[in-house]
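User: I should like to examine how certain descriptions of this model are justified. Please set each one against its definition.

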Amino acid sequence: MKNLFVLFCFFFLNLSFSQKKQDFILKSPDGKIEVKIAVNDKISWTISHEKDLILAPSEMSMTLEGNTVLGKNAVVINSKKESVDASFETPFYKKKSVQNKYNQLVLDFKNDFSIEYRAFDDGAAYRFITKKKKQITVQSEEVVLNFDQDYNTLMPYVRDLRNPKDPFISSFESHYENKKISEFAKDTLAFLPFLIDYKNHKKAVFLEANLEDYPGLFVTNNSSKSGFESRFSKYPLKETNGGFNNLNKLITERADYLVKTKGTRTFPWRAIVISENDSALANNDMVQKLSEPSKIKDVSWIKPGKVAWDWWNDWNIYNIDFKAGINTQTYKYYIDFASKNKVEYVVLDEGWSIETDIMKHNPNIDLEALIAYAKERNVGIILWSSWMALNNNIDGIFENYAKLGIKGFKVDFIDRDDAKMVNSVYDIAQKAANHKLLLDFHGMYKPTGIQRTYPNILNFEGVKGLENNKWTPNDDVPLYDTTIPFIRMMAGPMDYTPGAMRNATKSEFKPSHSNPVSQGTRCHQLALYTIFEAPLQMMADSPTAYMKEQESTDFIAKVPTTFDETVSLNGEVGKFVTIARRKANTWYLASITNWDSREITIDFSFLEKGKKFEAEIFSDGLNADKAANDYKREIITVDSTTKLTYRLASGGGLAIIIK
């Protein structure tokens, strides 16, 4: 009997120990990525790619009200593995459909929560799931990223603060600082996505996806200086007008929690994309794969396209018999230009209304006349609004302007991603969809998958776009242009606003307000229409400038803004990138370089074998090193066996249409 009692105690102790310390392994479908999950006093994951350690043991937890820590001394009550191999349609994306193949492990824990892990061939992700009956308050979340070596990073630090005392309110626009992990600027924040450069040519990009009813993730350096830890914006309690031109809502009081939310829900994904070559990063679908399907059943009214934009060129049209500016005649000129060149939309940027009340129009704008004029010419009108002005009366504004025939809104100065603002973005998206209105979220945090859930959102800023050329002489724009396709663009479309017809070499560039210039060549600008993803793509320069450069304008007008297939041909982060995209039977190929001139070889083997194609090619001219607007246009025949070598000028580009 005593022996039985001893055996029982031994069994009980072993059972208790096994509940406290358990290890699980999840591998990607191709077996290259291995995720190890350790459940001890804390929960951590470790990620390897073949023999390389990508992520050292890194903890995860979530603290609820009452100091309940999901992830501390956790007890696994069930584990379930599953393999998924599916695909889904993506009508407004860089490809028609996305393959979604992964292996999944769900760990159910005592205390009504789970953690779901997924391993893909191109990365891994996890998210918390709670199953509580009542509302919960999330006090904090622990997201840790540890590394075994002091790797280089490309990190976008928080800049351009709307309130110098509040690092959580900013434009989410930054160049990438190339620093080691240990050199992360002390007491600062960085936002996602960011990149880790391993010493074996592999790279990893860190993202989040399916951000809903929750604040966005920032990172700062951890105490060991061997990695990063999470920071989140606390929930706003009191706000006041402020920021740039008083167009922001600044937070004067925050709660001590992140969000009060439903007790039964999934939380945002924490994701890592791993690549053995740089070019694969420029054609990645991780955020799409981790996001909720469309909540809009009928998407037939959603029309992507290009937009004639007024603000960057300062309404600077000329050789006309009226005074250019924010007035009806000027916008009729923009509409005529758009109609003639088959540009789908014209945007009326700031100034068309009273900034604080967009139901009141600038007296120089006859909006109803412009809508009618544009409709006759098959052009849609999009209106600019600050988030603050729209938020004052979302339902009334959308109902009013949808009835007038407006096609959508460019919503600016959001500049926050706390849970309250994230909820507002979802609310705006749903209400816009109710009225069949498109959205371009400018002044916006990075996209996190809502573009799949609400495909009427066609664009997001959260990128340091061409507009900055008007006032920042020291920015290295070609370096940035050849970096963001591998990092920021992985999160989703970018309202970068390309299309400058005035182009400058590195030594000749100077900022200008009314005659702004791009850094780099004309072909660099043409190439951006293929390389940069933006279903609602701006044409930033003046209609007068485009009409003077009709050959370039014709080329831009022919490039679509969504595609059926994408192939990333080659590239190196911060140096150059070459991408080909197909729409129906036509291919669009583009390449850009940083300030280094280089030769690139284009291999046309992606074309259908046995067929001949006509290629319209815009390449940097022989004198583009001195005159950045110099280019050569030629039409040649190519097929799948063709290989062509081109010299890209400093800050140069190559743009091709193949049909």
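User: What makes both faces of β8 count as covered?

Analyst: The model is a predicted one. A residue is called buried when its relative accessible area is under 20%. On one side of β8, Phe113, Ile115, Tyr117 and Ala119 are buried, and on the other side Ser114, Glu116, Arg118 and Phe120 are buried as well. Both faces therefore meet the definition of buried.

User: How do you know that β7 and β8 pair, and in which sense?

Analyst: Two strands pair if DSSP finds at least two bridges between them. Strand β7 (residues 97-109) and β8 have eight bridges, so they satisfy this criterion, and the sense is antiparallel. Within this pairing, Leu107 stands opposite Ile115 of β8. The two strands form a hairpin with three residues between them, and Asn111 in the turn has a positive phi of about 90 degrees.

User: What makes β8 and β9 a pair?

Analyst: The requirement is at least two bridges, and β8 shares eight with strand β9 (residues 123-131), in the antiparallel sense. One of the bridges joins Phe120 to Gly123 in β9. These strands also form a hairpin, with two residues between them.

User: Why is helix α11 called largely enclosed by the rest of the structure?

Analyst: Ten of the ten residues of α11 (residues 522-531) are buried, so the helix is described as largely enclosed. Among them are Arg522, His524, Gln525 and Tyr529.

Terms used
Residues are numbered from 1 along each chain as its sequence is written. This is a predicted model: local features need pLDDT of at least 70, side-chain atom pairs count only at pLDDT 80 or more; totals for chains, interfaces and linings use all residues. Side-chain values use heavy atoms; hydrogens and water are left out. Buried means under 20% relative accessible area, exposed over 50%, partly exposed in between (1.4 Å probe, protein chains only). Helices (H or I, at least four residues) and strands (E, at least two) are DSSP runs, numbered from the N terminus.
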